[in-house]
Amino acid sequence: MKKWILFPLLWAQVTWAGNSTIEISQRCAPLSSEEKPLYSGEFRWGYDLPTMLQKFVEIYQSPKRLPRRAFWDSQKQILKLPYDGSRGGDIEISEKFVKTIVRHVERAFELKYVDAVFFPDMGHSHLLIPQQIMKDKYDKYPVNNMSGMYRDMFRDGNIEILYHTAEQLQALDENGDVLNDDHIRWRHHTRNIVGGNSPTTDLRILQNPTSKANTVNEVPGYYWWGAGFNLSAQKNGCFEYRAQGKTFYFDLSMYDLEPDPDSSWGTDY
């Protein structure tokens, strides 16, 4: 099996901080007008692995970050995910929730389920909500309090989080068969990662043999909540994760990447 590593450029600034409330409050300043948003046009479909990793280095070192990312509200002393005012406004999230996501990311690297934290690989999530809990609790939240619903979902230990990985990694040939490469076959096999909503959780892998891309989009016994959060690594990101013995930082957002409004094409793909 081929082994791929990230490029030495990333290792220039290594710090061994953590994700305590104090450390997060120091890193997660509110968005400034000078920040550059990350747009979907930065990426394309069908990356081979070396090119995808090279793109990760570029994005990690660039000033571009997830739009409407999580930030520390110094006045209220809480972490928030920006969210629509008509749906309840910003979502309060906890240190425990952040550590849960970090656990998912770090464990995915340990198990070699992922190669990079950004949209082309491990960059978005979906929520798996037990059917009865969905019916008894979350179905009852009004649209104007969806932020409260998300706040409670992100605290709910019964909910699981699914990540579709290898999102833009080329895994199939022109006939729809998995490429003849051991690492690509493994990534295709493990592209549906599920973790419990706890910092001590482990990961499990789901399969969908009816999908050539092995994309799971429903799980028996669970309500599929498609609108999860997004994550993307960047050198000034709010939250820390460790992979391959090094330290990285990433951001969280409730918003998908959008096309660059200044793009003359009006689309990114």
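A residue is called buried here if its relative accessible area is under 20%, exposed if over 50%, and partly exposed in between (1.4 Å probe, protein chains only). Helices (H or I, at least four residues) and strands (E, at least two) are DSSP runs, numbered from the N terminus. This is a predicted model, in which local features need pLDDT of at least 70 and side-chain atom pairs count only at pLDDT 80 or more, while totals for chains, interfaces and linings use all residues. Residues are numbered from 1 along each chain as its sequence is written, and side-chain values use heavy atoms, with hydrogens and water left out.

**Helix H5**

Helix H5 covers residues 146-153, and seven of its eight residues are buried, so the rest of the structure largely encloses it. The buried residues are Met146, Ser147, Gly148, Met149, Tyr150, Asp152 and Met153. They pack against strand E5 (91-93), E6 and strand E10 (222-225), where contact means heavy atoms within 4.5 Å.

**Strand E8 and its partners**

Strand E8 (residues 192-196) is mostly covered, with five of its five residues buried. Asn192, Val194 and Gly196 point one way from E8, while Ile193 and Gly195 point the other way; all are buried.

Two strands are taken to pair if DSSP finds at least two bridges between them. On this basis E8 runs antiparallel to strand E7 (residues 160-164), to which five bridges join it. Within that pairing, histidine 164 is opposite asparagine 192. E8 also pairs with strand E9 (residues 203-205), again in the antiparallel sense, over three bridges. Glycine 195 has leucine 203 of E9 as its bridge partner. Six residues lie between E8 and E9, and the two strands form a hairpin.

**Pairings with a named bridge**

The table lists strand pairs, the number of bridges and one opposed residue pair for each.

| Strands | Bridges | Opposed residues |
|---|---|---|
| E7 and E8 | five | histidine 164 and asparagine 192 |
| E8 and E9 | three | glycine 195 and leucine 203 |
| E12 and E13 | five | phenylalanine 239 and phenylalanine 250 |
| E3 and E4 | three | phenylalanine 71 and lysine 80 |

**The E3-E4-E5 sheet**

Strands E3, E4 and E5 form an open sheet in the order E3-E4-E5, and the pairing is antiparallel. Its edge strands, each paired on one side only, are strand E3 (71-73) and E5. On average, neighbouring strands of this sheet are turned by 50 degrees against each other, direction ignored. Axes for such angles are lines fitted to C-alpha atoms, for helices over the stretch in contact, and angles run from 0 to 180 degrees between N-to-C directions.

**The E11-E13-E12 sheet and its helices**

A second open sheet has three strands in the order E11-E13-E12, also with antiparallel pairing. Strand E11 (230-233) and strand E12 (239-243) are the edge strands, each pairing on one side only. Neighbouring strands here are turned by 40 degrees against each other on average, direction ignored.

Two helices lie across E11, E12 and E13. Helix H2 (residues 49-61) runs at about 75 degrees to E13, and helix H3 (residues 95-110) runs at about 20 degrees to E12.

The expected span of a helix is 1.5 Å times one less than its number of residues. For the 13 residues of H2 this gives 18 Å, and the end C-alpha atoms are 19 Å apart, which agrees. Buried in H2 are Leu49, Met52, Leu53, Lys55, Phe56, Val57, Ile59 and Tyr60. Their cover includes strand E2 (64-65), helix H6 (182-189), E11, E12 and E13.

**Aspartate 251**

Aspartate 251 is in strand E13. Its relative accessibility is 0%, and therefore it counts as buried. The side chain of aspartate 251 makes a polar contact with the side chain of arginine 65 at 2.8 Å; such a contact is a pair of N or O atoms within 3.5 Å, and within protein one must be able to donate a hydrogen and the other to accept it, with residues adjacent in sequence counting only if both atoms are side-chain atoms. The same side chain reaches the backbone nitrogen of cysteine 238 at 3.0 Å. Leaving aside neighbours within four places in sequence, the contacts of aspartate 251 include Arg69, Asn230, Leu231 and Gly237.

**Glycine 123**

Glycine 123 is in the loop between H3 and strand E6 (125-130). With a relative accessible area of 4%, glycine 123 is buried. Not counting residues up to four places away in sequence, glycine 123 touches Phe118, Asn230 and Leu231. Its C-alpha atom is separated by 8.7 Å from that of phenylalanine 229, 106 residues apart along the chain.
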